[in-house]
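Reader: I am new to this structure, and I would like to learn how to read its features one at a time. Could you take me through them slowly?

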Amino acid sequence: MYDIIQQEAKKVITAVNLTKKFGHFTAVDNISFEVERGEIFGFLGANGAGKTTAMRMLCGLSIPTSGKGLVAGYDIENQTELVKKSIGYMSQKFSLYDDLKVWENIELFGGIYGMNDIDIKEKTDELMKVLNFENERNKLVGSLPLGFKQKLAFSVSIFHTPRVVFLDEPTGGVDPITRRQFWELIYDATSKGITVFVTTHYMDEAEYCDRVSIMVDGRIEALDSPKNLKKQFHANSMDEVFQQLARKSTRIAD
Amino acid sequence: MILLLMPIIQIILFGFALSTEVKNTEVAVLAPSNDDASSRIIDKINASAYFDVVERIHKPDEIQPIFRDARAKLVMVFEDHFAEKLRKTGKAHIQLIADATDPNAATSFTFYASNIITSYQQELQSPNAISYQIIPEVKMLYNPQMIGAFNFVPGVLGMIMLLICTMMTSIAIVREKEMGTMEILLVSPMKPIYIILSKITPYFVLSCVNFATIMLLSVFVLKVPIAGSFISLIAVSLLYIFLSLALGLLVSTLTNSQQAAMLISGMGLMLPVMLLSGMIFPIENMPIALQWLSDIVPAKWYISAVKAIMIKGLGITSVLKEVGILSLMSVVLIVISLKKFKIRLE
Amino acid sequence: MYAIKVKNISKNYFSKESGKFAGIGKNLVIADTSFKSSPLGVGGGISFDVKRGEIFGIIGPDGAGKTTIFRILTTLLLPDRGSATVDGFDVVSEYKSIRNRVGYMPGRFSLYQDLTVEENLNFFATVFNTTIEENYELVKDIYQQIEPFKKRRAGKLSGGMKQKLALSCALIHKPSVLFLDEPTTGVDPVSRKEFWGMLKKLKDQGITILVSTPYMDEASQCDRIALIQNGEFLKIDTPETIVKQYRNKLWAVKSDTMYKLLTDLRASEFTKNCFAFGDKHHVSIDNVQMTISGLKELLEKKGHTNIDIREIEPTIEDCFMQLIQG
């Protein structure tokens, strides 16, 4: 089974029976799924459903209790360092250093991911142009409005052209226009072949994904394209789909 | 910056300023015969870097007050007709009465004094004369058994109270600010003074319990007796606890992060207390500048008061200066902290 | 009649948290003027009134100034200029009376993490000189959902549960006005819906509620809303009226190639602007002559298949974006 998985180069993420237990509590219960290259994969679920735990395993930050996972072709249990090198990550809580300048942040993260100086310089110039940030190059990140920070953070997370980027609720609290501009950046990234794994609480954003999985009580209760899910659940929107599924949850207060 | 300065400051302090060596010990002298031999010895003592002759007394009953008022650490009592006795009988006695509150210091300076006496003795020797013997009789006051604990129990008391009251109180208040619960408490009928009192009370109680524990252990396990009035000791300690709580309150108004509160209380206060309060390093040996600095360390006054009451058996009247200063400091701290306590978020 | 009255309030301060200037009112100082910012002017702060028993929503993204308004009204910050009253009491000179009677749920879940659910509720009841039993009816609906966990430490509850507990604690003393600062942020859609259901029930009990949220879809749950951006109110009115005031026609457009559709629609001279809205794009048409079939033809020429165009009623989000763009 493992060999077959190894050979599937098109699949950027593969999870087989992934489980994570904390003592008696099963946070992630036997989940299996695959994500193809260039896909936008939405990872939804209520707080406490197990999303964060699952993402941590995929990022190589947490060792599964059982099951197997491959990210960018590397095993998430035995090759965690290689996994980390091939992915990008951005979360709402932390993205960039507020007291460093824009270009300093880029240089820092570029260096961490092993890019050489010439590449960093070239790509920084390119990025500044694309984001229209040329005047802000020398500004402290902390002084930027939230929307700009988010866009910059995303760009930094894919700066080293990872195979897949994990986004943990990247658009929380951002104004609607900036939110959409952010998603346009995501589309742009996928057109370059980067796979995007994103969690969100905005149900309209779920619609932008190629496929969506919904976790309830540690298990994946639904996995399909938004279109098919709506058909399957006789719903008009992803919000309705989510409401129907989440009602089934028994894990009310963990 | 601090991380670079600290080692420099510490080297200088430990290298030059702080030392456990006993220098400039104050000496009082009782030499009824006032003759050439005793004068010669007294001069030698005074000339030495280790001693400073500060007073001449004329009657034996003046000895106790010297120690009680801490005017000297060593009293040298020459026998009546000292020089005469020495020449006639070849033997004379000098009594060295030492304040042994700090047994290490006492051992040191009585040793130095004995050495100086012996060197005078050598001076007197002529090749074919009878050997002279000047016999020093050492008497250790207050701590006859030279128990080291005598010295550090007051120090430990001072430090523990500071730690518990100041650090923990400041952290407790700042934690409310950090967690956000302070906001809710402010937007409620609860008067800010009650918020403060509720934070202070547990640590007050804890300190009292600690005080009792330390006292019990000192008396029964370490055999450090409480020579003076226990009530006075409790009174002074309560004052010090109150001061430390006020200090904790002040620290809490200075910062919004628990880490900073801990650093300020820990590094900012503990270190000066340990180094400058006289707990480990005698204050008398420090350069003048540091001695002044030590005057603003509340622990110094508390430790001095505790030593006086606990070890020297003195009453509350002898420590009025310390009590006065501690009270003044408390009032100032309370007033400043209450003023700085914010009832809004800015 | 009015539970809250705000007149020309402005507040400018340097927020240590975000490291820059924040606040409300037209005289807001923006530290960095290279970004599009509200015009600097003299006077002109924020004004609004909230009727008794109303659910008034302040809708806007992070950094817009929502929390500043809440802090001024709950007397935690002093305004630079202007005045405000809550329940008839002035927020500056009579702050003690306000602190005695309002319920406040600040942004983060500000509960005592190491106390149990029951202990937290008891504590807040006592602080407000009442008991759980006295006002149990008021919090019953909410509290019953977490009552099975009453011996559990607050820190160990899930986000939705913590919210419910915080709400119960804010209500336990039967406040006349309830201030809820972003109570649903970071919470999943199901819990969010439940929360608003609870708020509606509270309104029936006559409690005035001032609530803020970044989620535009929650705006329709309020009686009246104020849209806020960069320290200024863009509009204050009922959700229905705001929607009615949307200029231009609004169409929802779908095709098989959504990303291409977006660029094509934007390029067209007939569209004022176009934004992605989930599985459809919302296009605002400012040319009266353009028809749906006309647009369909245009798109077919560009190679789109399975085109679906319908006229729709704008959502609050559409209105908000139109107002931001000026």
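**Reading chains B and C**

Author: Let us begin with the contacts of chain C, keeping in mind that this is a predicted model. Among the contacts in chain C between residues at least 6 apart in sequence, 69% join residues that are at least 24 apart.

Reader: How many helices and strands does chain C have, and what share of its residues is buried?

Author: Chain C has 10 helices and 15 strands, and buried residues account for 46% of its 326 residues. Taken along the principal axes, the box filled by the C-alpha atoms of chain C is roughly 70 × 50 × 40 Å.

Reader: Turning to chain B, in what order do the strands of its open sheet lie?

Author: A sheet is read by following which strand pairs with which, and here the order of the 5 strands is β2-β1-β3-β4-β5 in chain B, with mixed pairing. The edge strands, each of which pairs on one side only, are β2 (51-57) and β5 (133-141) of chain B. From one strand to the next, the twist averages 25°.

Reader: How do strands β1 and β3 of chain B run, and how many bridges join them?

Author: Strand β1 (residues 25-30) of chain B and strand β3 (residues 74-78) of chain B run parallel and are joined by 4 bridges. Within this pair, V29(B) stands opposite M76(B) in β3(B).

Reader: Which strands does helix α2 of chain B lie across, and which does helix α4 of chain B lie across?

Author: Helix α2 (residues 36-47) of chain B lies across β1, β2 and β3 of chain B, and runs at about 140° to β2(B). Helix α4 (residues 82-89) of chain B lies across β3, β4 (91-99) and β5 of chain B, and runs at about 135° to β4(B).

Reader: At what angle do the axes of helices α8 and α9 of chain B cross, and is the crossing right-handed or left-handed?

Author: For a pair of helices one reads the distance and the angle together: the axes of α8 (residues 192-221) and α9 (residues 230-254) of chain B come within 10 Å and cross at roughly 140°. Because angles over 145 degrees would be needed for roughly antiparallel, α8(B) counts as oblique to α9(B). The crossing in which α8(B) passes α9(B) is right-handed.

Reader: Which residues meet where α8(B) and α9(B) are in contact?

Author: From α8(B), I196(B), I200(B), Y203(B), F204(B), S207(B) and F211(B) meet S237(B), I241(B), L245(B) and L249(B) of α9(B). The residues of this contact divide into 8 nonpolar and 2 polar, with no charged residue.

Note on methods:
Residues are numbered from 1 along each chain as its sequence is written. Chains are lettered from A and ligands numbered from 1 in the order in which they are written. This is a predicted model: local features need pLDDT of at least 70, side-chain atom pairs count only at pLDDT 80 or more; totals for chains, interfaces and linings use all residues. Helices (H or I, at least four residues) and strands (E, at least two) are DSSP runs, numbered from the N terminus. A residue is buried if 20 or more other C-beta atoms lie within 10 Å of its own, exposed if 12 or fewer, and partly exposed in between; C-beta atoms are placed from the backbone. Two residues are in contact if their C-beta atoms, placed from the backbone, lie within 7 Å. Two strands pair if DSSP finds at least two bridges between them. Axes are lines fitted to C-alpha atoms, for helices over the stretch in contact, and angles run from 0 to 180 degrees between N-to-C directions. Angles under 35 degrees count as roughly parallel, over 145 as roughly antiparallel, 65 to 115 as roughly perpendicular and the rest as oblique. A crossing is left-handed if the near helix is turned anticlockwise from the far one by less than a right angle, and right-handed if clockwise. Ala, Val, Leu, Ile, Met, Phe, Trp, Tyr, Cys and Pro count as nonpolar, Asp, Glu, Lys and Arg as charged, and the others, Gly among them, as polar.
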